[in-house]
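Biologist: I'd like to go through this model with you and ask why things get the labels they get. Can you pull it up?

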Amino acid sequence: MRVLVIGATGYVGSALAERLADAGHEVVALARPGRTAVAGAAEVRTGDLADPAALTAAVTPDIDAVVHAGPPSGDAEADAAAIDALTAPLRGTGRAFVYTSGVWVLGATGAATADEASPTDPIPIVGYRPEIERRVLAAAEDGVRATVVRPGIVHGRGGGIPGMLVGWARADGAPRVVADPAVRWPMVHVDDLADLYAAVLADAPAGTVWHGVTEPAVPVGDLAGAAARAAGVTGEPSVWPLEKAAAELGEPFAQALALDQSVSAGQARDRLGWRPSRPDAVTDLQAGSYA
Ligand SMILES: NC(=O)c1ccc[n+]([C@@H]2O[C@H](COP(=O)([O-])OP(=O)(O)OC[C@H]3O[C@@H](n4cnc5c(N)ncnc54)[C@H](OP(=O)(O)O)[C@@H]3O)[C@@H](O)[C@H]2O)c1
């Protein structure tokens with residue numbers, strides 16, 4: 001398969017590009033101007049998510065599938081225009097389009113565990129993202145094999161949000177969490193997530209949503225403790241009050257870090273045969289890629 005990947009230089013997209021290349025697919029990276037080489041990519045095309053004409057031009061007839069692993073811009077209209085531009089050349093062809101969303105669209109789950117059929121209840125940082133998901137899935141009506149992947153908090157390769165916990169621990173000499181150590185995050189290893197995209201590209205029917213989560217609800221206090229061990233520090237854990245974290249990180253992101261969720265991904269295991277195999281987040285933090 002020849003797969004156009006948007007975001008192939010990013011955390012999620014670079015693992016995906018590598019995974020696809022290892023599996024014998026040909027990756028075409030859509031990168032912003034100035035990039036001439038991208039790891040894992042056989043070809044680099046230039047474009048920007050803010051430039052719909054360039055996006056449409058990049059989806060040439062030799063492209064079998066498109067994966068969008070770029071970030072939201074904060075502008076709902078611009079993001080919708082990017083989806084339209086990327087899916088336009090795919091309409092009526094049955095070719096695949098995979099959009100990367102995230103579990104924050106589900107909001108706080110309370111005592112329940114959210115699955116792929118649960119309603120969305122987005123927190124402000126992802127406020128309009130369910131609309132973008134709906135726009136993607138609507139392309140299924142027009143002959144696009146359109147799907148949505150919602151990763152949990154991604155760990156692995158020493159990166160992502162867990163890397164920030166290690167940085168805080170190093171700065172404080174102790175574990176630090178926002179708001180409450182009992183807050184739970186759904187987690188996924190970046191390489192297991194890359195496997196999920198490969199399975200979705202291979203087999204997922206049009207109009208479907210897939211959760212990329214391997215651990216439904218890991219207390220952030222456990223993650224912060226493991227981050228402190230990765231940083232080699234042993235001080236007493238501290239709680240960063242939400243208002244103070246918001247002043248430094250911005251309120252939407254601080255709220256997201258304080259979001260308590262439990263999210264399952266049974267559908268990907270049952271229907272796509274997804275078999276995650278990488279270390280869990282605490283093990284990865286304290287004895288793996290963050291050490
Ligand atoms: N990381 C997580 O824990 C997590 C969890 C759930 C969902 N997600 C979602 O997964 C997606 C990827 O996240 P990530 O963590 O991999 O982000 P990331 O590391 O910041 O990577 C973003 C990628 O998108 C590219 N990009 C940014 N703005 C662009 C633009 N205007 N035009 C074209 N390309 C652009 C970046 O290219 P440059 O190299 O040029 O900057 C980079 O390749 C996002 O939609 C995010 O919301 C992530």
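Biologist: Leaving aside neighbours within four places in sequence, which residues is Val188 in contact with?

Modeller: Bear in mind that this is a predicted model. Val188 touches Gly152, Ile153, Val154, His155, Leu193, Gly212, Val213, Thr214 and Trp274, with neighbours within four places left out. Val188 itself is found in strand E9, residues 184–189.

Biologist: What makes Val188 count as buried?

Modeller: Buried means under 20% relative accessible area. Val188 has 0% relative accessibility, so it counts as buried. As for His155, its C-alpha is separated from that of Val188 by 6.2 Å, with their positions 33 residues apart along the chain.

Biologist: And why is Leu49 called partly exposed?

Modeller: The partly exposed class lies between the 20% and 50% cut-offs. Leu49 has 23% relative accessibility, so partly exposed is the label. Leu49 has its place in the loop between strand E3 (43–46) and helix H2 (52–58). Beyond its neighbours within four places, Leu49 is in contact with Ile6, Leu55, His68, Gly70, Pro71 and Ala82. Ser264, 215 residues apart from Leu49 along the chain, has its C-alpha 30 Å from that of Leu49.

Biologist: Let's turn to H1. How do you know that its reach is close to what is expected?

Modeller: Helix H1 covers residues 11–22, which is 12 residues. The expected span is 1.5 Å times one less than the number of residues. For H1 that gives 16 Å, and the helix reaches 17 Å from its first C-alpha to its last, so the two are close.

Biologist: Which residues of H1 are buried, and what covers them?

Modeller: Val12, Gly13, Ala15, Leu16, Ala17 and Leu20 are the buried ones. Their cover includes strands E1 (2–6), E2 (26–31), E4 (65–68) and E7 (153–155), plus helix H6 (190–203). Just after H1, Gly24 takes a positive phi of about 95 degrees.

Biologist: Why are H1 and H6 called oblique to each other?

Modeller: They pack at an angle of about 60 degrees, with axes 9 Å apart. Roughly parallel needs an angle under 35 degrees, and roughly perpendicular starts at 65. The angle of H1 and H6 falls in neither class, so they are oblique. H1 passes H6 in a right-handed crossing.

Biologist: What meets what there, and how do the residues divide by class?

Modeller: From H1 come Tyr11, Val12, Ala15, Leu16, Arg19 and Leu20, and they meet Val190, Asp191, Leu193, Ala194, Asp195, Tyr197, Ala198 and Leu201 in H6. That contact has 11 nonpolar, no polar and 3 charged residues.

Biologist: What makes H3 and H4 roughly parallel?

Modeller: Helix H3 (residues 76–87) and helix H4 (residues 129–138) pack at about 15 degrees, their axes 10 Å apart. The cut-off for roughly parallel is under 35 degrees, and H3 and H4 therefore get that label. Their crossing is right-handed. In H3, Ala76, Asp79, Ala80, Ile83 and Asp84 meet Ile132, Arg135 and Val136 in H4. By class, this contact comes to 5 nonpolar, no polar and 3 charged residues.

Biologist: At what angle do H5 and H7 pack?

Modeller: About 65 degrees, with axes 8 Å apart, for helix H5 (residues 160–172) and helix H7 (residues 220–231). H5 passes H7 in a right-handed crossing. Leu165, Val166, Ala169 and Arg170 in H5 meet Leu223, Ala224, Ala227, Ala228, Ala230 and Ala231 in H7. The class count for this contact is 9 nonpolar, no polar and 1 charged.

Biologist: Back to the loops: what is the phi of Arg157, and why is Arg157 called partly exposed?

Modeller: Phi of Arg157 is near 55 degrees, a positive value in a residue other than glycine. Arg157 sits in the loop between E7 and H5. Its relative accessible area is 39%, so Arg157 is partly exposed.

Biologist: How do you know that Ala179 is partly exposed?

Modeller: Ala179 has 34% relative accessibility, so partly exposed is again the label. Ala179 lies in the loop between strand E8 (176–178) and E9. Phi of Ala179 is near 75 degrees, a positive value in a residue other than glycine.

Terms used:
Residues are numbered from 1 along each chain as its sequence is written. This is a predicted model: local features need pLDDT of at least 70, side-chain atom pairs count only at pLDDT 80 or more; totals for chains, interfaces and linings use all residues. Side-chain values use heavy atoms; hydrogens and water are left out. Helices (H or I, at least four residues) and strands (E, at least two) are DSSP runs, numbered from the N terminus. Buried means under 20% relative accessible area, exposed over 50%, partly exposed in between (1.4 Å probe, protein chains only). Contact means heavy atoms within 4.5 Å. Axes are lines fitted to C-alpha atoms, for helices over the stretch in contact, and angles run from 0 to 180 degrees between N-to-C directions. Angles under 35 degrees count as roughly parallel, over 145 as roughly antiparallel, 65 to 115 as roughly perpendicular and the rest as oblique. A crossing is left-handed if the near helix is turned anticlockwise from the far one by less than a right angle, and right-handed if clockwise. Ala, Val, Leu, Ile, Met, Phe, Trp, Tyr, Cys and Pro count as nonpolar, Asp, Glu, Lys and Arg as charged, and the others, Gly among them, as polar.
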